[in-house]
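Visitor: I'd like a close look at one part of this model: the place where protein and DNA meet. Could you walk me through that part, and then show me what sits behind it?

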There are 2 protein chains.
Amino acid sequence: MKLERQAIIDTAIALLDEVGLDKLSMRRLAKEFDVQAPALYWHFKNKQELLDHMLVAMSPAELRVPRPGQAWDDWLIERSRLQYGRLIKHRDGARLAAQTKPTEDLFPGLESMLEALGAAGFAPEEALRGLLAISSYITGSALEREGARSPAAEAAETPETAEPAGQPDGMPDMSQYPNLVAAVGAARDPDAVFDYGLNAIVAGMRAELEKRGK
Amino acid sequence: MKLERQAIIDTAIALLDEVGLDKLSMRRLAKEFDVQAPALYWHFKNKQELLDHMLVAMSPAELRVPRPGQAWDDWLIERSRLQYGRLIKHRDGARLAAQTKPTEDLFPGLESMLEALGAAGFAPEEALRGLLAISSYITGSALEREGARSPAAEAAETPETAEPAGQPDGMPDMSQYPNLVAAVGAARDPDAVFDYGLNAIVAGMRAELEKRGK
DNA sequence: CGAAGCACTTAACACTGTTAAGGAGGTGGG
DNA sequence: CCCACCTCCTTAACAGTGTTAAGTGCTTCG
């Protein structure tokens with residue numbers, strides 16, 4: 001395989017899916033190209049730069065603008081879902097996003113989105129504020145999702161059938177937490193939780209727009 | 001200083017503020033106690049366990065329940081702000097939260113909150129869904145905030161030099177991004193951005209409650 | 001033919017988390 | 001009194017990390 005910038009990025013992403021972020025080392029990545037680790041430093045000045053570009057490669061370039069005739073809120077939700085999907089599609093994708101500061105490669109996409117929202121009636125500051133809130137929410141949700149499992153979901157993992165066996169060691173006494181037990185179902189479907197908050201933020205933006213429209 | 005579990009956690013947090021997450025090593029922490037690094041492994045089975053407890057120590061134990069007479073939404077917002085504040089108060093606090101899965105130490109707090117929301121009329125699943133969304137939003141926002149700076153704010157400075165063999169982008173020409181430039185002010189005040197999304201999610205919960213109340 | 005630059009190698013540095021084995025200090029029991 | 005035991009820490013070491021410095025073939029060009 002040829003050793004070029006984009007090839008390295010792609011292979012690194014594939015390797016990330018395979019071994020996870022912790023085991024993704026320069027030496028391990030170099031091995032994928034039958035090359036010594038320092039060779040990578042000719043193409044990237046350090047590991048962080050490589051990670052940055054991996055994240056950019058994961059971020060959707062599509063949907064920077066609504067489809068023809070699509071309402072701004074439908075488009076925003078669709079795009080956010082897509083971005084969320086990209087993050088959780090790759091192993092440790094959110095953790096990667098967490099330790100990577102955004103590069104200026106995102107500027108063009110951001111600009112297009114601001115323009116689209118501007119066409120819908122938003123002032124640039126309003127639009128950016130909404131986009132930032134959504135962006136934070138997306139990475140936070142993806143993070144919580146891949147955090148092995150959310151605490152409530154972990155509680156749900158106790159098989160109902162194991163009840164007579166008593167509490168397995170390490171498992172706390174769930175009867176202390178009746179509300180939590182009753183609520184566990186909500187955490188079972190992380191996509192629903194994500195949509196819930198996403199819709200709320202978009203609704204907030206819509207309210208702002210309507211109020212100002214009057 | 002005595003070498004006890006809680007003392008280690010507290011010192012580790014202080015050290016985190018001082019040197020940052022990347023430089024927070026077991027050897028460095030041990031030095032704070034005039035002790036060799038492996039001594040810490042008598043108190044914690046590994047570094048991750050220590051990190052977990054650091055995060056718990058940062059999470060607010062107060063406000064698990066509304067003040068007397070306080071409306072549920074005011075309480076929820078206040079508590080969320082508090083938690084957000086705790087995260088950004090410590091250096092790399094959000095990054096720490098990002099690489100730490102929640103432990104069951106959070107169960108009691110969660111249970112109290114579910115109970116409080118239940119008293120306000122929420123079904124357990126609704127309440128948990130809202131809390132999870134808010135929690136995601138908090139860590140995501142804190143993360144984005146400490147990510148040095150938001151992309152737009154970064155655009156405001158830009159003392160960068162050109163890349164060697166990179167894309168022909170060269171120096172970012174900000175005039176290409178008029179909307180972004182116009183919106184930069186919104187990113188200047190991250191607290192306002194945070195409040196914006198937080199209010200939106202809480203408003204979503206309120207709407208759900210009112211709809212069901214009719 | 002020689003210079004220049006690219007793309008890589010080998011060797012090494014300064015770290016990291018973590019384990020194994022052992023030793024000092026105190027406590028309790030026979 | 002002495003030996004065993006437990007707690008808490010030490011020293012030594014392992015396997016691995018990101019990263020830099022110096023050197024080596026290879027291609028391309030003047």
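Guide: Let's get one term straight before we start: a residue is called buried when its relative accessible area is under 20%, exposed when that area is over 50%, and partly exposed in between. Keep in mind, too, that this is a predicted model.

Let's start with DNA strand D. There are 16 residues around this strand, and A:Arg27, A:Tyr41, A:Lys47, B:Gln36 and B:Trp42 come nearest. Of the strand D atoms that come within 4 Å of the protein, 57% belong to sugar and phosphate. You can see that backbone being touched: A:Ser25 has a polar side-chain atom 2.9 Å from a phosphate oxygen of DNA strand D, and A:Tyr41 places a polar side-chain atom 2.8 Å from a phosphate oxygen of that strand. A:Arg27 goes for a base instead, with a side-chain N or O atom 2.8 Å from a base nitrogen of DNA strand D. As for which elements take part, helix H2 (26–31) of chain A and helix H3 (40–43) of chain B each give at least two residues to the surface near this strand. Sort the residues of that surface by type and you get nine nonpolar, four polar and three charged.

Now swing over to DNA strand C. Here 16 residues lie around the strand, and the nearest are A:Gln36, A:Trp42, B:Arg27, B:Tyr41 and B:Lys47. Sugar and phosphate make up 58% of the strand C atoms that come within 4 Å of the protein. A:Gln36 uses its backbone here, with an N or O atom 2.7 Å from a phosphate oxygen of DNA strand C. B:Tyr41 has a polar side-chain atom 2.8 Å from a phosphate oxygen of strand C, while the side chain of B:Arg27 has an N or O atom 2.8 Å from a base nitrogen of strand C. Two or more residues each come from H3 of chain A and from helix H2 (26–31) of chain B. The surface near strand C is made up of nine nonpolar, four polar and three charged residues.

So much for the DNA; what sits behind it? Take helix H4 of chain A, which covers residues 47–58. At 1.5 Å a residue, its 12 residues should span 16 Å, and the end C-alpha atoms are 17 Å apart, which agrees. Its buried residues include A:Leu50, A:His53, A:Met54 and A:Met58. Among the elements covering the buried residues of H4 are H1, H2, H3, H5 and H6 of chain A.

Two of those names come back in the largest nonpolar core, which has 129 residues: A:Leu50, A:Met54, A:Leu76, B:Leu50, B:Met54 and B:Leu76 touch the most other members. Leaving aside neighbours within four places in sequence, B:Met54 is in contact with B:Ile9, B:Ala12, B:Ile13, B:Leu16, B:Leu24 and B:Leu96.

One last stop is B:Asp73, in helix H5 (residues 72–89) of chain B. Its relative accessible area is 13%, which is under the 20% limit, so B:Asp73 counts as buried. Its side chain makes a polar contact of 2.5 Å with that of B:Arg206. Not counting residues up to four places away in sequence, B:Asp73 touches B:Val202 and B:Arg206.

Technical notes. Residues numbered from 1 in each chain as written. Chains lettered and ligands numbered in written order. Predicted model: local features only at pLDDT ≥ 70, side-chain atom pairs only at ≥ 80, totals over all residues. Heavy atoms only, no water. Core = buried A, V, L, I, M, F, W, Y, C linked by side-chain atoms within 4.5 Å. Buried < 20%, exposed > 50% of the residue type's maximum accessible area, 1.4 Å probe, protein only. Contact = heavy atoms within 4.5 Å. Near = heavy atom within 4 Å. Polar contact = N/O pair within 3.5 Å; in protein donor to acceptor, adjacent residues only side chain to side chain. Helix = DSSP H or I, 4+ residues; strand = E, 2+ residues; numbered from the N terminus. Nonpolar A, V, L, I, M, F, W, Y, C, P; charged D, E, K, R; others polar. Expected span 1.5 Å × (residues − 1).
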